[in-house]
Amino acid sequence: DATAGPAKRGAFILFEGVDRCGKTTQANLLVESLKQAGHDACFMRFPDRTTPIGHMINGFLRNTTDIDDRCVHLLFSANRWEAESKIRELLKAGTTVVCDRYAYSGVAFSASKPGLSVRWCKDPDRGLPAPDKILFLDISVEDAMKRGQFGEERYEKEEFQRTVRATFLALMEEDKASGVAWQLIDANREIGSIQDEIQKIGTSVVGEVEGKEIGSLWS
Ligand code: DGP
Ligand code: NA
Ligand code: NA
């Protein structure tokens with residue numbers, strides 16, 4: 001009714017991990033289960049390959065174009081900034097945003113390249129909406145490689161993915177002190193049992209954001 005207080009905001013939930021960890025499947029399943037429970041929820045992914053910047057990133061990932069590593073890092077970041085106001089508007093309007101990759105992938109993938117530091121990689125994403133929860137779907141690279149299509153895109157190489165996983169784990173460790181809400185999920189299990197675990201976490205996060213401000217990276 002018109003006299004009710006401000007609408008409850010949505011939660012910002014990220015899925016991160018190495019390639020083929022099952023993020024996309026699980027993110028979509030979480031959106032469906034939240035909707036079934038009566039919550040407003042939507043799926044988002046980065047890179048968003050549908051925008052002009054996304055087209056450039058897609059060409060790079062598919063190896064049809066070469067782009068300098070620092071330049072492409074800034075394109076990935078710009079591709080997130082393109083969606084910044086939309087994410088904040090959705091959250092404020094009460095929609096939970098479930099996002100397949102975000103700035104943590106940005107740092108984990110780019111800082112895994114020689115010469116690019118974590119600090120340099122973090123800077124362009126500073127100020128983006130901060131997540132309420134980061135679900136890190138952890139799987140060994142060996143097990144991820146057993147899944148379909150591994151090896152089609154630029155970063156899908158065994159040695160690089162091992163470095164990416166180590167960088168993710170280091171970021172998670174580094175964030176422990178500051179209370180950033182990482183949750184490590186064992187992703188080498190049946191889809192259904194992973195889904196059950198994530199559904200419980202997602203539901204509780206949605207219930208916990210009431211009255212909590214939308215934060216900004218990296219704090
Ligand atoms: P997909 O999530 O399947 O659309 O694959 C996107 C690929 O791009 C995947 O290998 C991870 C990588 N990636 C995602 N975000 C970034 C980023 O911000 N920077 C870099 N360097 N790579 C990224
Ligand atoms: Na991929
Ligand atoms: Na590096």
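This report covers two pockets and one sodium ion site in the structure. The model is predicted.

**Pockets**

The table sets out the two pockets.

| Pocket | Volume | Lining residues | Nonpolar | Polar | Charged |
|---|---|---|---|---|---|
| Largest pocket | about 840 Å³ | 37 residues | 12 nonpolar | 10 polar | 15 charged |
| Second largest pocket | about 320 Å³ | 19 residues | eight nonpolar | five polar | six charged |

Start with the largest pocket. Five residues of its lining lie nearest its centre: Asp 19, Arg 20, Lys 23, Arg 45 and Arg 101. The lining as a whole holds 15 charged residues, along with 12 nonpolar and 10 polar ones. Several helices take part. At least two lining residues come from each of α1 (23-36), α3 (69-81), α5 (103-110) and α9 (191-208).

Now the second largest pocket. Nearest its centre lie Tyr 104, Ala 130, Val 180, Trp 218 and Ser 219. Its lining divides into eight nonpolar, five polar and six charged residues.

**Sodium site**

Which protein residues act as donors to the sodium ion (ligand 3)? They are Ala 111, Lys 113 and Leu 116. Each gives its O atom. These atoms lie 2.4 to 2.5 Å from the ion. Along the sequence, the donor residues follow the spacing A-x1-K-x2-L.

Are Ala 111 and Leu 116 buried or exposed? Both are buried. Two of the sodium ion's donor residues, Ala 111 and Leu 116, are thus placed among the buried residues of the model.

How values were computed:
Residues numbered from 1 in each chain as written. Chains lettered and ligands numbered in written order. Predicted model: local features only at pLDDT ≥ 70, side-chain atom pairs only at ≥ 80, totals over all residues. Heavy atoms only, no water. 1 Å grid on protein atoms, 1.4 Å probe; cavity = no way out; pocket = protein on both sides within 12 Å on 5 of 7 lines; lining within 4 Å. Points joined across faces, edges and corners; volume = space filled by probe spheres on them. Helix = DSSP H or I, 4+ residues; strand = E, 2+ residues; numbered from the N terminus. Nonpolar A, V, L, I, M, F, W, Y, C, P; charged D, E, K, R; others polar. Donors = N, O, S within 2.8 Å, 3.2 Å for Na, K, Ca; no water. Buried < 20%, exposed > 50% of the residue type's maximum accessible area, 1.4 Å probe, protein only.
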